[in-house]
Amino acid sequence: MSCRLLLIGPPGAGKGTQAQRLSQALGVPAISTGDIFREHLRNETELGLKAKAFMDAGNNVPDSLTNDLVRDRLSQPDAADGFLLDGYPRTTDQVRALDEYLAEHHAAMDAVVELVAQPDVVVERLKQRALDQGRADDDESVVRHRLAVYAEQTAPLIDVYAERGLLAKVDGIGEIAEVTERIERELAARGILFTA
């Protein structure tokens with residue numbers, strides 16, 4: 001089954017965890033811009049070095065770099081029949097770039113799942129993740145800045161997708177399996193069925 005989804009929500013809302021679970025259940029690749037950027041950082045590619053300064057400050061990587069990277073990833077064979085985007089699009093310019101890519105391929109988004117989480121809960125989650133994974137981008141001041149950037153740049157996308165009738169709001173707080181079940185219920189109501 002072809003399925004194109006987007007997970008949206010503030011940093012630390014659980015998008016990455018849920019993307020992996022849903023990817024397996026739906027049989028489509030989870031595509032995370034954060035993971036792609038971190039892989040480029042590890043490999044010290046030109047893009048990785050450009051992205052590093054933005055990421056370390058808690059800012060989004062510029063749209064032009066991000067759009068090219070995502071376009072390249074979506075053109076790979078494993079994404080031909082669907083994908084689950086995590087962390088993209090983050091701005092209205094990125095929405096336009098994604099819309100253009102999908103139109104070129106005679107495709108459309110099937111649903112957008114917004115994971116809702118309170119800022120203080122998110123900060124505590126990410127402080128713990130920083131300890132567990134040693135991630136410099138999870139420092140509390142950086143996290144609070146990322147939340148402000150999210151509210152300013154990304155939250156308006158929620159209105160765009162709500163107007164298109166694609167938005168499903170899901171409480172992102174709770175046990176991982178409970179959150180997955182909530183998402184699955186919302187998607188099933190939209191006719192998106194799970195293979196696993």
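**Exercise 1. How are helices α1 and α8 oriented to each other, roughly parallel, roughly perpendicular or oblique?**

*Solution.* The model is a predicted one, and the solution starts from the helix axes. Helix α1 covers residues 15-26 and helix α8 covers residues 176-189, and their axes come within 10 Å and cross at roughly 55°. Angles under 35 degrees count as roughly parallel and 65 to 115 as roughly perpendicular, while an angle outside the named ranges counts as oblique. The helices α1 and α8 are therefore oblique to each other, and their crossing is right-handed. The next step is to list the residues in contact: T17, Q18, R21, L22 and A25 of α1 meet I176, A177, V179, T180, I183 and E184 of α8. Sorted by character, the residues of this contact comprise six nonpolar, three polar and two charged.

**Exercise 2. Work out how α4 and α5 pack, and describe the residues that bring them into contact.**

*Solution.* Two packed helices are described by the angle between their axes and the distance between the axes. For helix α4 (residues 63-74) and helix α5 (residues 92-104), the angle is about 25° and the axes lie 10 Å apart. Because angles under 35 degrees count as roughly parallel, α4 and α5 are roughly parallel to each other. The crossing in which α4 passes α5 is right-handed. On the α4 side the contact is made by D63, T66, N67, R71 and L74, which meet D93, Q94, A97, L98, E100, Y101 and E104 on the α5 side. The residues of the contact between α4 and α5 divide into four nonpolar, three polar and five charged.

**Exercise 3. In what order do the five strands of the open sheet lie, and which strands are at its edges?**

*Solution.* Read across the sheet, the order is β2-β3-β1-β4-β5, and the pairing is parallel. The strands β2 and β5 (167-171) each pair on one side only, and these are the edge strands. From one strand to the next, the twist averages 20°. Helix α1 can then be placed against the sheet, since α1 lies across β1, β2, β3 and β4 (111-116) and runs at about 165° to β1.

**Exercise 4. Which strands pair with β3, and is β3 largely enclosed or open?**

*Solution.* Take the partners in turn. Strand β1 (residues 3-8) pairs with β3 in the parallel sense over five bridges; within this pairing, L5 stands opposite L84, and the bridge partner of C3 is G82. Strand β2 (residues 30-32) also pairs with β3 in the parallel sense, over three bridges, and here I31 has L85 as its bridge partner.

The two faces come next. In a regular strand the side chains alternate between the two faces of the sheet. In β3, G82, L84 and D86 are on one side and F83 and L85 on the other, and all of them are buried, which leaves both faces covered. Since five of the five residues of β3 (residues 82-86) are buried, the strand is largely enclosed by the rest of the structure.

**Exercise 5. Is E124 buried, partly exposed or exposed, and how far is E124 from P156 in space?**

*Solution.* E124 lies in helix α6, which covers residues 119-133. The relative accessibility of E124 is 48%, and because buried means under 20% and exposed means over 50%, E124 counts as partly exposed. For the distance, E124 and P156 are 25 Å apart in space from C-alpha to C-alpha, and 32 residues apart in sequence.

Technical notes: Residues numbered from 1 in each chain as written. Predicted model: local features only at pLDDT ≥ 70, side-chain atom pairs only at ≥ 80, totals over all residues. Heavy atoms only, no water. Buried < 20%, exposed > 50% of the residue type's maximum accessible area, 1.4 Å probe, protein only. Helix = DSSP H or I, 4+ residues; strand = E, 2+ residues; numbered from the N terminus. Pairing = 2+ DSSP bridges. Axes fitted to C-alpha atoms, helices over the stretch in contact; angles between N-to-C directions. Parallel < 35°, antiparallel > 145°, perpendicular 65-115°, else oblique. Left-handed = near helix turned anticlockwise from the far one by under 90°. Contact = heavy atoms within 4.5 Å. Nonpolar A, V, L, I, M, F, W, Y, C, P; charged D, E, K, R; others polar.
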